[in-house]
Amino acid sequence: MTKKRKRQDDFLKVKLKVGKKKPKAENATNITFKSKSIHLPEQLKHDSSGPTTHRQHSIKDLLSQLHHYNSNVKQGALVGLRELLSANPSLVEQHASVVLTEVAALFTDKDAAVRAAAVRVLRFVAQCIPAERVAPFFPLLSAHLTCAMTHISAGIQEDALRVLDVLLEHYPALLSQRPTVLLTNFLELISQRRLGGTKGDRTGKGSYALSITTSRSVTAQQWRLTVLLRLGHFLQAVVEERPTEDGMSCGGGLGIWSGERGVVTPVEVSWDEQIFSKGGIRVFENSGAKPTPHSTYRLRPDSEPGAGLSEGLCLAETVQGFAGTLVPLLLEMWVEAMGGDRAQADSGHLLTEEAMALMFQILTILQLLRRLVPQRDQQDMVDAWFRNSYLSDFKQHFMKNFPYSQLEVVRHKKKTDTKRGRQQVVSGAVAGGNVEPLALNVMLCQVMVTLSLRGRDLIAGQDADWLGPIRAFVTDALSSGGKLSSKHLAALLEVVWRMIVTQRSRAVTEELLQAVYIQYQQKNLGLTVRTLLLHFFSQLYIQEHQKQPHIARSRILARWLASLPVQLVQLGSRNPQLSGHLLQTVQSAAAWGHKDLLLSLQTHACSLYDPHEGCVVVLPVEQQQQLVQILYFLPAFPTDVLACLSQVCNAGRVSRSLAATLIRTVHLRSPLSGWSSSSQDVPVRDVDYLSFLFSTLTGFSSESLRLLQQADEEGLLASSALSPLSVFTTPLEQFTHHWDVVEEVCHCLETLGSRTQCFEILQNAIAKNLCGLVVVPDCVCAAVLRCVPRLLDLNFLPSDTLLHFLSDCCLSMLSLLLQLDQSARKRDAVWEACFAALSTVPRLLRLVLQSLRVCELSELELPLLAQILSLLLQHTQLRNHMAANSALLQTIIQDLTRFSGGETREQWLTDLLYCYSVTMSTHRVSMATRDIY
């Protein structure tokens, strides 16, 4: 019987045994897996669309991190942004809009490190982007700057001044377009409105009161000094970038004597070119200068952004309104600072370093406030308002202890807090110090002299109590013998100018000018200082001597003017710019007929116009023109001066046009020019003037011609039967220069009254000085041949001596041109002179043909003679003259044919015979035609 199988039940319990592994459940999930790596090279590559930092952050990543809530992330993004822009400057131009927008938003960040990093990025960007590229985004920068300056947090206000420093350094013009809002922000940094205060407050305290913030890391006085320092820089930018009445920038000048005249644009007109010109010359009103308007009327306001706000500060009323708020605060600051100093010093004129810095900034701001208005009449209104409102306060607080000195304070060495010291440096307390006592006192003088009354409004002794100490200080500072810097000297000269013009006292004028002249006479002065002193004297004389009689009668000014020619001789070409300033003053004073200057100019004329080392040959062209123009005002022209001028014309160190101008100037001063003179003393005698013209015509002095007779044969064409004179060849440049001078001399001789007397004088001069010479320069021969035909009168027969000399000159010059290689211009000029003389001067051609002795010529000279005769035969104007001397010419040609000596005829002889036959046949035909008619 089969055994029955036992059926397996469901859900049997598994018995667990000790030491055995627990079996896995049947429904257990298998968690094992296998993996294989997948390589995607394209996705692992870095983004190559733009550069990144060392942390692989692009500019988009960095700009997005600037909005992060964490301050460390924002600071790191700013550091990375500066790193990225430094390595890739092109990104600055591409992302300028976004970068400036995002960085400006961090000016008011609560974290100081983020603000400092934002300022560093702004400074770097400002160094890379010009102002015209930033102009579209500057309103946004100004808005964020305003928010930072008016923020409730003291730290943000301090960092806002750093932002202001960056903008003032790189974009002063853009920042000065919106002055009204920033000026209000400056007031709110150091003060707050009084309760119930209004603009019409008459108590003298103003509508603002100084405020004190205890949360700052510096004292209240240091913080105010820091703000005033930035305010001064901002006002300076507004003044310098604002156009004045004449369209020029009013910054960088000497203030009182700059920017008050129209600008004249010189127009160079060449009258020689305009003689035959069909076009006319345009004449403008005010001699081409832009007139200086004194009206404040404007046709329409400017349309540029922010121009409307800036225009408000051009009005005296607007400046007075702002000054009425600011000046009481400045006086309150000074009173507070002096109250603290009284405990340290008994004497009021001794100031600590911090007090001197504060006072200097206050005075600087006061000086800039009156310069905010560019019009002169508006400035006078502001000055009058300051005098009426604050003169008593200024005398009480500033002039009471004038002049000031520095109080020496013993400083004990102690360990200072590094963080606090760094904060003080950042805030500007240390930067605002280091003010010299001289700079402080000079600035105070500048401010106070603007409050003095002018001319007829001044009552004798009215302001003597405070103008007297100022005058004594300025006189002592200038005449003490110490060397002043250009900045201090410019300020002192401005004070001197103002006091001279306003007080109108001859005694005061002499005292102040004497002090300035002592400073001017010091040796080894710097170029800038010397230029300032020269500019002061020059402008004082040019601008004021006609309106101010006490200035015109000043003995110091007359002594200075008389010393200018001596200084010009001593200075020479060592400093052409300074020589130009001297010449401008000399020319103006000579035109006005200053006696002392003209006398000194007459004394040193030979040194000024020396042909070797004089100013007329060593200075640039502009100064040379001024020296030639000054000749018109020279009182007299003695023989030594005329000798120098003649050599200057022929030395070649001045241009041809300038030499012609010099000759015309002497011609106009001579009595032979046709101008009538009421005085018996003429500047140039007739004999001296004619001697000057003849010396200029020859181009060589008598001494030079005498030395030339003893010269070596180098550069000489030896005399021969075909060249009676030994011709000295001059360089081409010298010859062409002298040729142009000869043209001007001939023009002057032609304008004289009697042509016969003029020719007789010229004939005697040639016979006396040139006819006995053996060696003659080629330019002298050409000049004589050019001048004689132009002055010859048909009723006057030249002497035999002159005719023989002209004949020798013609033959010698023609031989020279055929034997030596000459330039085209020189050859044309000599041929023109020779042919003009042969065709104009009677019997000259016959003398030339008679001097040609063929028997005395060598074989080499025969072709030259044939060429000369061919040239004479081919010339149209000489054909009739040659035909008139046909018998003599035929004899010469027969001798040439006989002495040629060859079996075959030479080509030069064939050419000569052909020219002779053509000339003679043409002459016969013309004679026959004339007989028929």
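How far is the sulfur of C787 from the closest cysteine sulfur, and in which residue does that closest sulfur lie? Colleagues, I shall begin with that point and then proceed to the charged pairs, the backbone and the surface. Please bear in mind throughout that the model before you is predicted.

The closest cysteine sulfur to that of C787 belongs to C746, at 3.8 Å, and this is too far for a bond. In general terms, a disulfide is a covalent bond between the sulfur atoms of two cysteines. The cut-off applied here is 2.5 Å between the sulfur atoms, so the 3.8 Å separating C787 and C746 does not qualify. The search of the whole structure agrees with this, finding 0 disulfides. As to its surroundings, C787 is buried, with a relative accessible area of 1%. Another cysteine, C147, is partly exposed, at 44% relative accessibility.

I turn now to the salt bridges. The structure holds 24 of them, and I have selected three to discuss individually.

The pair I take up first is E336 and R224, whose closest N and O atoms are 2.8 Å apart. E336 belongs to helix 15, which covers residues 316–341, and R224 belongs to helix 12, residues 220–241, so this salt bridge ties together parts that are 112 residues apart in sequence. How are the two partners placed with respect to the surface, buried or partly exposed? E336 is partly exposed, with a relative accessible area of 40%, whereas R224 is buried, at 4%.

The next pair is E744 and R664, a salt bridge in which the closest N and O atoms are 3.0 Å apart. Here the connection runs between helix 36, residues 732–750, where E744 lies, and helix 33, residues 656–669, where R664 lies; the pair therefore ties together parts that are 80 residues apart in sequence. In this case the glutamate is the buried partner: E744 has a relative accessible area of 9%. R664, with 33% relative accessibility, counts as partly exposed.

The third pair is D778 and K826, with the closest N and O atoms 2.7 Å apart. This salt bridge links distant parts of the chain, since D778 is in helix 38, residues 778–791, and K826 is in helix 40, residues 824–840, the two being 48 residues apart. Which side of the buried limit do these residues fall on? The limit is under 20% relative accessible area. D778, at 0%, counts as buried, and K826, at 2%, counts as buried as well.

Salt bridges may also share partners. In this model, such sharing joins E743, E750, R786, R790 and E832 into one network.

Let me move to the backbone. Most residues other than glycine have a negative phi, and most peptide bonds are trans. Where does this model show a cis peptide bond? One joins F402 and P403, with omega at about -5 degrees. P403 is located in the loop between helix 17, residues 376–399, and strand 4, residues 405–406.

Two arginines deserve mention for their phi values. R504 has a phi near 55 degrees, a positive value in a residue other than glycine. R504 sits in the loop between helix 21, residues 486–503, and helix 22, residues 506–520, and it is partly exposed, with a relative accessible area of 47%. R843 likewise has a positive phi, of about 65 degrees, although it is not a glycine. The place of R843 is the loop between helix 40 and helix 41, the latter comprising residues 844–850.

I continue with two residues whose positions contrast. I470, in helix 20, residues 464–479, counts as buried at 0% relative accessibility. Its C-alpha is 8.6 Å from that of M448, and the two residues are 22 apart in sequence. R898, by comparison, lies in helix 44, residues 886–900, and is exposed, with a relative accessible area of 55%. R898 and C855 are 43 residues apart in sequence, and their C-alpha atoms are 9.9 Å apart in space.

Finally, I come to the surface. Which residues form a positive surface patch? They are R506, R553, R555 and R559. Of these, R559 is found in helix 25, residues 555–562, and at 42% relative accessibility it counts as partly exposed.

To conclude, I return to the opening matter: the sulfur atoms of C787 and C746 are 3.8 Å apart, too far for a bond, and the structure contains 0 disulfides, while its salt bridges number 24. Thank you for your attention.

Key: Residues are numbered from 1 along each chain as its sequence is written. This is a predicted model: local features need pLDDT of at least 70, side-chain atom pairs count only at pLDDT 80 or more; totals for chains, interfaces and linings use all residues. Side-chain values use heavy atoms; hydrogens and water are left out. Patches are made of residues with over 30% relative accessible area and no salt bridge: like charges are joined within 9 Å, nonpolar side chains (Val, Leu, Ile, Met, Phe, Trp, Tyr) within 5 Å. Accessible areas come from the Shrake-Rupley method with a 1.4 Å probe; for residues, only the protein chains shown count as cover. A salt bridge is a side-chain nitrogen of Lys or Arg within 4 Å of a carboxyl oxygen of Asp or Glu. Lys and Arg count as positive and Asp and Glu as negative; His and the chain ends are not counted. The place of a charge is taken as NZ of Lys, CZ of Arg, CG of Asp or CD of Glu. Helices (H or I, at least four residues) and strands (E, at least two) are DSSP runs, numbered from the N terminus. Buried means under 20% relative accessible area, exposed over 50%, partly exposed in between (1.4 Å probe, protein chains only).
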